[in-house]
Amino acid sequence: MTNRTATAVISTGSVIACHECDLLQLERPLPRNGVLRCRRCGAELSRNHPDSLDRALAFTLASIVLFAVGNAFPIVGLEVNGTLVETTLLGAASVLYEDGMWPIAGLVLATTFVMPMLQMVTMTYLLMPLRFDRAPYRADLVFRLLQLVRPWGMTEVLILGMLVALVKLAHVASVVPGSALWSFAALMLLLAAASAAFDPQEVWSRTRAAQGAGPDLDGGLPATPGAPTAIGRGLATCHSCGLLVKSAAHRHDAICPRCGGHLHARKPNSISRTWAFLLAAMVLYIPANLLPVMNTSSLFGSEKDTIMSGVVYLWTSGSWPLAIVVFIASVAVPMLKILALVVLVVSAQMRSTLSPQQRARVYRLVELVGRWSMLDIYVITILVALVQFQGLATIQAGPAAIAFGSVVVLTMFAAMSFDPRLIWDRMGATTANHDKVETDHG
């Protein structure tokens with residue numbers, strides 16, 4: 001059995017390591033709403049959140065109420081010849097499951113119900129005790145769970161998908177917006193506000209204080225380190241909580257003494273894992289765009305729609321702004337994301353020194369936009385759930401929906417597997433200046 005050993009903690013009061021380029025640099029006190037950015041790659045290192053815990057808790061509790069309302073009442077209804085068909089979010093996933101599209105049903109359920117719910121529950125679990133100066137029980141496990149689920153909650157993409165579906169349906173029947181639609185719209189804003197206000201460092205600081213322990217900093221690091229990067233000083237940054245600790249580069253069994261996460265100087269097998277996800281996504285991208293994503297049956301026959309035919313329909317029906325949005329999210333973004341990740345992986349393998357700042361920006365953009373490719377999946381979900389008028393018209397998800405959903409998930413896994421610090425490893429001290437960081441006032 002592997003003996004997992006916690007490593008010694010290093011003082012980060014004056015020196016911090018960038019999580020994207022590994023540069024060691026001096027920390028600076030921040031003004032109200034100030035943002036600390038790495039002076040080499042521009043990544044955000046920390047942010048001063050005024051009253052962060054109280055604001056995050058208030059937004060999270062309000063989100064829980066709206067989440068309950070949004071799932072208890074219909075999102076939208078469709079009326080044809082006096083027949084009204086309504087659906088809830090869970091009901092829409094249930095229709096997909098009954099049609100045999102259980103992979104898509106599971107993906108929709110996970111990204112719009114399970115993950116947002118876990119995000120709200122874990123944030124409440126961590127913040128509520130701290131509001132009364134009590135330490136959350138097993139905060140390490142709950143914090144790691146929160147970090148795991150946050151990228152997969154896609155309420156904002158769901159709202160845009162609902163809007164596109166409503167525009168499509170408005171051309172064929174009377175659309176009746178439900179109360180849950182407005183609840184989800186407000187939920188989107190509150191969840192974003194809660195995530196923005198949540199300050200992990202403040203959570204850990206308050207947790208240690210509530211436990212009656214001193215700061216989890218032991219020992220000290222010189223104000224001017226001898227090497228420009230953490231790995232050069234035998235240090236590692238915890239991927240979950242951001243703690244800078246001593247860790248031998250070759251060890252793979254060390255754990256973070258604060259949150260219990262695995263410590264690695266670099267993500268294990270980053271290049272090979274990223275390639276594996278990318279190659280699988282490339283293979284599935286072809287049937288995702290060639291096969292029908294929806295099958296429509298009506299009194300006038302049956303019709304099979306691909307992703308591009310859906311874009312064309314929106315364009316010719318006069319909804320060209322939504323046509324552009326769908327084309328970008330469902331066609332351009334997946335393709336460009338694959339190409340961008342290929343460039344990043346190849347350049348990292350070749351240890352290229354070409355424009356590391358530009359490649360770092362590309363990586364951050366890939367992480368930012370990847371989730372929006374789920375747009376078409378949510379559009380299909382709403383259409384399948386509502387257009388169920390037996391004898392008149394029905395819509396079923398096509399095989400391309402599974403392929404397309406797989407492409408979205410695989411490209412997100414590929415982006416998560418890629419270690420952006422590999423971009424900078426060849427740079428060494430040529431661009432390193434760890435004496436200061438940039439501070440934004442805004």
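Is cysteine 238 buried or exposed? In this predicted model, cysteine 238 is buried, with a relative accessible area of 3%. Cysteine 259 is buried too, at a relative accessible area of 0%. The closest cysteine sulfur to that of cysteine 238 belongs to cysteine 259, at 3.4 Å, which is too far for a bond. A disulfide would require the two sulfur atoms to lie within 2.5 Å, and a search of the whole structure accordingly returns zero disulfides.

Aromatic contacts come next. Across the whole structure, five aromatic pairs are found. One of them joins tryptophan 152 and phenylalanine 413 in a tilted arrangement, with 5.3 Å from centre to centre and 55 degrees between the planes. This pair links distant parts of the chain, 261 residues apart: tryptophan 152 sits in the loop between helix H4 (139-149) and helix H5 (155-169), whereas phenylalanine 413 belongs to helix H13 (residues 399-417). Tryptophan 152 counts as buried at 12% relative accessibility, while phenylalanine 413 is partly exposed at 34%. Phenylalanine 413 also pairs with phenylalanine 277, this time stacked, at 5.4 Å centre to centre and 25 degrees between the planes. Because phenylalanine 277 lies in helix H8 (residues 270-290) and phenylalanine 413 in helix H13, this second pair ties together parts that are 136 residues apart in sequence. Phenylalanine 277 is partly exposed, with 25% relative accessibility. Trp152, Phe277 and Phe413 thus make up one aromatic cluster.

Salt bridges offer further links, and the structure holds nine of them. Arginine 364 is bridged to glutamate 20, with the closest N and O atoms 2.7 Å apart. Arginine 364 is in helix H11 (residues 356-369) and glutamate 20 in the loop between strand E2 (15-17) and strand E3 (24-26), so this contact ties together parts that are 344 residues apart in sequence. The two partners differ in their surroundings: arginine 364 is partly exposed at 24%, whereas glutamate 20 counts as buried at 8%. Another salt bridge brings together the side chains of glutamate 156 and arginine 371 (2.8 Å, N to O). With glutamate 156 in helix H5 and arginine 371 in the loop between H11 and helix H12 (375-386), the pair connects parts that are 215 residues apart in sequence. Here glutamate 156 is partly exposed, at 22%, and arginine 371 is buried, at 14%. Asp22, Arg266 and Asp425 are joined into one network by salt bridges that share partners.

A hairpin is also worth a look. Strand E4 (residues 34-37) and strand E5 (residues 44-47) run antiparallel and are joined by three bridges, with leucine 36 standing opposite serine 46 in E5. Six residues lie between the strands of this hairpin, where glycine 42 takes a positive phi near 85 degrees. The side chains of glutamate 44 and arginine 47 meet in a salt bridge (2.7 Å, N to O); glutamate 44 is partly exposed at 32%, as is arginine 47 at 30%.

Finally, the surface carries a nonpolar patch of about 690 Å², made by Met308, Val312, Trp315, Trp320, Ile324, Phe327 and Ile328. Helix H9 (307-316) and helix H10 (320-349) each supply at least two of its residues, and H10 gives the largest share, with four. Phenylalanine 327, placed in helix H10, counts as partly exposed at 35% relative accessibility.

Methods. Residues numbered from 1 in each chain as written. Predicted model: local features only at pLDDT ≥ 70, side-chain atom pairs only at ≥ 80, totals over all residues. Heavy atoms only, no water. Phe/Tyr/Trp six-rings, centres within 6.5 Å; stacked < 30°, edge-to-face > 60°. Buried < 20%, exposed > 50% of the residue type's maximum accessible area, 1.4 Å probe, protein only. Pairing = 2+ DSSP bridges. Patch = residues over 30% accessible without salt bridge, like charges linked within 9 Å, V, L, I, M, F, W, Y side chains within 5 Å. Areas by Shrake-Rupley, 256 points an atom, 1.4 Å probe, with all protein chains shown as cover. Salt bridge = Lys/Arg side-chain N within 4 Å of Asp/Glu carboxyl O.
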